[in-house]
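Visitor: Please take one part of this predicted model and go through it closely, and then place that part in the setting of the whole chain. I would like to know how far the model can be read in detail as you go.

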Amino acid sequence: FGYLADDLNGVHFRLSVYSDEDAENLARAVQQLIENPALRPYVEVRKRLRGGAVVWQAYELAPVHDDAGQLAGIRCVGYDITRSKAEQTRAEQAVGWVNDLVVNMQDGMLLVDTNRIILLASPFAERLLDTTNQQLQGRQLCELADDVLVAEVCRRLQEPRDRKHALYFEVYHPIHKVWLHVRLFVHRSGTGVYFKNVTTRKRHEARLVKSQAKLRAILDSQLDEIHCLLDPELKIILFNRAADEAVRNVHGRELKESDDFKLYVLPGTERPFTERFARALAGERTISEVEIPVSPEQRVWFRIEFRPVADAQGKVTAVAFNAQDIDERKRATERLEEQNKQLRSIAFTQSHTLRRPVSSILGLLNLISEYGDDRVFADELLRHLRLATEELDAVIRSIVVQTDVALDANPDLAG
């Protein structure tokens, strides 16, 4: 303090401190020591250095006695705490910022030290635990284990865990009727318990599960139709029992959600499948009837549909692939077409081939009735009549043979 005066003797200590507040703090400590020499007061004051710089110093005060044991003075031993004071200030600012953050956060948070003593609680945590932050601070976390959330947190903290990773879980709070998504961050200095209300999401998930169950029940009831819901990457989102049975029969494996559907596309159908799937992703619905080789010995007709599935905003997010076995119907249609072809052939025979001998017979009968008195001419007419009758008999036999062949090939004609 040489810059204050050449001789410090008799200089008031107030000149050595930064402000009246610092001087009052130092004077208060001196007075305490005078009143009770057994004390060892500690005081922090600011001092102004030569050039105007200000530093923090800490002083420990001790009494100085004369030979008679009377208080003769006070010894002040000081040391610089400027750096630690600055760090303390920054720490206090950080704590204040954390406190403000916690007070204003919408989610729940509990901070506990390594001994599981609660240090801080957010307003949501206060409401959930039906208490205040002040009442929570200093309490053992697991003393509150009658609360469902705290009980689960304490149980999880007892389990072996990797401190490098957060622990996530969800728990239902029956008192407040809310679902909580909880994250535990365990650090060497303590544990952070963060939780948020996810009741709305859980309700949506529950409704989705119910909707999927209803959809699956509807799809499973359609035993002759294969239904699969595919994402844009051809991963299976949903499928029905008929699809699972078809995969088991053809590929010998169990169908699972998230499977790559390309594994089940039959050889020879990859290109049309890929093209129609891409069209569905573009928003186009396609329907086609194709004959598919389900095995080297068997080909089956299917009605194949690719239907785009859009979200509430109209964006296509999935494709519904539907395949219906129409083999019996297609075979019946082919048989019917063959029947019609044969019937048309019989009808043509009846309408055209029969007409000539019948016309001949009718003409000959007219001539006989008109020229029957001419015996020679009548014999000639009878000979032609016999030929026409034989031709008619041959045509009738041919029709009978055609009909028998048609009936053998298509028994349904007999009905």
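**A hairpin and the helix after it**

Guide: Among contacts in the protein chain between residues at least 6 apart in sequence, 38% join residues at least 24 apart. The chain has 415 residues, of which 31% are buried, and eleven helices and 13 strands are found in it. Since the model is predicted, confidence should be considered before any detail: the mean pLDDT of the protein chain is 81, with 83% of its residues reaching 70 or more. Over residues 1-5, however, the pLDDT is below 50, although this stretch has twelve contacts in the model beyond near neighbours in sequence. Where pLDDT is low, the predicted coordinates should not be read in detail. Among the elements, the lowest mean pLDDT, 72, belongs to helix α2 (residues 82-104), and the highest, 94, to helix α8 (residues 270-281).

The part I would choose is the hairpin of β9 and β10, together with helix α7. Strands β9 (225-230) and β10 (236-239) pair in the antiparallel sense over three bridges, and within that pairing Leu 230 of the hairpin stands opposite Ile 236 in β10. Five residues lie between the two strands of the hairpin, and Leu 234, in the turn, has a positive phi of about 65 degrees, a positive value in a residue other than glycine. Is this turn residue, Leu 234, buried or exposed? Its relative accessibility is 11%, so Leu 234 counts as buried, the cut-off for that class being under 20%.

Strand β9 also has a partner outside the hairpin, since it pairs in the antiparallel sense with strand β13 (residues 316-325) over six bridges. In that pairing, Leu 229 has Ala 320 of β13 as its bridge partner.

Helix α7 (residues 241-251) contributes Ala 242, Ala 243, Asp 244 and Val 247 as its buried residues. An α-helix has 3.6 residues a turn, so residues three or four places apart point the same way. The buried residues of α7 pack against β9 and β10, which brings the helix back to the two strands of the hairpin. Just after α7, Gly 252 takes a positive phi of about 70 degrees.

A useful comparison for the turn residue is Asp 130, which is not a glycine and yet has a positive phi of about 55 degrees. Asp 130 is found in the loop between α3 (123-129) and α4 (133-136), whereas Leu 234 is found in the loop between β9 and β10. At 69% relative accessibility, Asp 130 counts as exposed, while Leu 234, at 11%, counts as buried.

Elsewhere along the chain, the rings deserve attention, and a search of the whole structure finds ten aromatic pairs. One of these is formed by Phe 261 and Tyr 264, in an edge-to-face arrangement with 6.3 Å centre to centre and 75 degrees between the planes; Phe 261 is buried, and Tyr 264 is buried as well. Ring pairs further link Phe 261 and Tyr 264 with Phe 273, Phe 277, Phe 306 and Phe 321 into a cluster. Two tryptophan rings also have a lysine over them: the charged end of Lys 202 sits over the ring of Trp 179, 4.4 Å from its centre, and that of Lys 330 sits over the ring of Trp 301, 4.3 Å from its centre.

For the remaining setting, one may turn to an open sheet of three strands in the order β1-β2-β3, with antiparallel pairing. Its edge strands, each pairing on one side only, are β1 (42-48) and β3 (71-80), and the twist from one strand to the next averages 40 degrees. Strand β2 (residues 54-65) is joined to β3 by nine bridges, with Gln 57 standing opposite Asp 80 in β3. Helix α1 (residues 20-35) lies across β1, β2 and β3, running at about 145 degrees to β1.

Note on methods: Residues numbered from 1 in each chain as written. Predicted model: local features only at pLDDT ≥ 70, side-chain atom pairs only at ≥ 80, totals over all residues. Heavy atoms only, no water. pLDDT = per-residue confidence, 0-100. Helix = DSSP H or I, 4+ residues; strand = E, 2+ residues; numbered from the N terminus. Contact = heavy atoms within 4.5 Å. Pairing = 2+ DSSP bridges. Axes fitted to C-alpha atoms, helices over the stretch in contact; angles between N-to-C directions. Phe/Tyr/Trp six-rings, centres within 6.5 Å; stacked < 30°, edge-to-face > 60°. Buried < 20%, exposed > 50% of the residue type's maximum accessible area, 1.4 Å probe, protein only. Lys NZ or Arg CZ within 6 Å of the ring centre and 35° of its normal.
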